[in-house]
Amino acid sequence: MATTPKQPDLTPRLPGGGDAVVLERRRQRVQPPKMYQVVLLNDDFTPMEFVVHVLQEVFHKDRETATQIMLKVHVHGRGVCGVYTRDIAHTKVEQVTQQARAAGHPLQCVAEPIE
Ligand code: TYC
């Protein structure tokens, strides 16, 4: 009696004898976080030196960069101090506002979502 030729068994096997698990490639699901720019606003009363100090302390700018940002705000009305994730941006706004009020200055700082 003729036997049907057997097809080779191509099932992936593990060394232990169990069937191998084949994982399907999934689309990446983690999105980059929404980013926020922290913006300083100009006013007529906060001393330039105080703004430079805040830019160095809160945003870790060197003195030259801090001075450039301060002058940009002074001339154009606003300037970006940095771009951060939401909580860090809002913490920086709080730090600037708290330091300004403690020193009696009206300096305004806001966080704005980008894109
Ligand atoms: N315009 C202020 C002055 O002439 C200086 C200043 C700069 C204030 C930047 C706020 O965000 C500011 N003393």
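Ten residues wrap around the ligand here: Leu41, Asn42, Asp43, Thr46, Met48, Val51, Met70, Val73, His74 and Leu107. Keep in mind that you're looking at a predicted model. The ligand sits in the largest pocket, and the protein hides a good part of the ligand's surface, as the contacts below will show.

**Who touches the ligand**

- Sort the shell around the ligand by class and you get six nonpolar, three polar and one charged residues.
- Two helices pitch in: α1, running over 48–59, and α2, running over 63–76, each bring at least two residues to that shell.
- Of the elements involved, α2 makes the largest contribution to the shell, with three residues.

**Polar contacts to look for**

- Start with Leu41: a polar atom of its backbone is 2.8 Å from an oxygen atom of the ligand.
- Next comes Thr46, where a backbone N or O atom lies 2.9 Å from a ligand nitrogen.
- His74 uses its side chain instead, placing a polar atom 2.9 Å from a nitrogen atom of the ligand.
- How much of the ligand's accessible area does the protein cover? On its own the ligand has 350 Å² of accessible area, and the protein covers 89% of that.

**The pocket itself**

- The largest pocket, where you'll find the ligand, has a volume of about 160 Å³.
- Its lining is made up of Leu41, Asn42, Asp43, Asp44, Phe45, Thr46, Met48, Val51, Met70, Val73, His74 and Leu107.
- What classes of residue make up the lining of the largest pocket? It has seven nonpolar, three polar and two charged residues.
- Both α1 and α2 show up again, each supplying at least two residues of the pocket lining.
- Here too α2 gives the most, with three residues in the lining.

**Putting it together**

- Leu41, Thr46 and His74 are worth finding on screen: they belong to the shell around the ligand, and they're also among the residues that line the largest pocket.
- If you follow α2 through the model, you're following the element with the largest share of the ligand's shell and the one that gives the most to the pocket lining.

Technical notes
Residues are numbered from 1 along each chain as its sequence is written. This is a predicted model: local features need pLDDT of at least 70, side-chain atom pairs count only at pLDDT 80 or more; totals for chains, interfaces and linings use all residues. Side-chain values use heavy atoms; hydrogens and water are left out. A residue is near a molecule or strand if one of its heavy atoms lies within 4 Å of it. A polar contact is a pair of N or O atoms within 3.5 Å; within protein, one must be able to donate a hydrogen and the other to accept it, and residues adjacent in sequence count only if both atoms are side-chain atoms. Accessible areas come from the Shrake-Rupley method with a 1.4 Å probe; for residues, only the protein chains shown count as cover. On a 1 Å grid over the protein atoms alone, a cavity is a set of points where a 1.4 Å probe fits but cannot get out, and a pocket is an open set with protein on both sides within 12 Å along at least five of seven lines; lining residues have an atom within 4 Å of a point. A molecule sits in a cavity or pocket if more than half of its atoms lie within 2 Å of its grid points. Helices (H or I, at least four residues) and strands (E, at least two) are DSSP runs, numbered from the N terminus. Ala, Val, Leu, Ile, Met, Phe, Trp, Tyr, Cys and Pro count as nonpolar, Asp, Glu, Lys and Arg as charged, and the others, Gly among them, as polar. Grid points are joined across faces, edges and corners, and a volume is the space filled by probe spheres set on the points.
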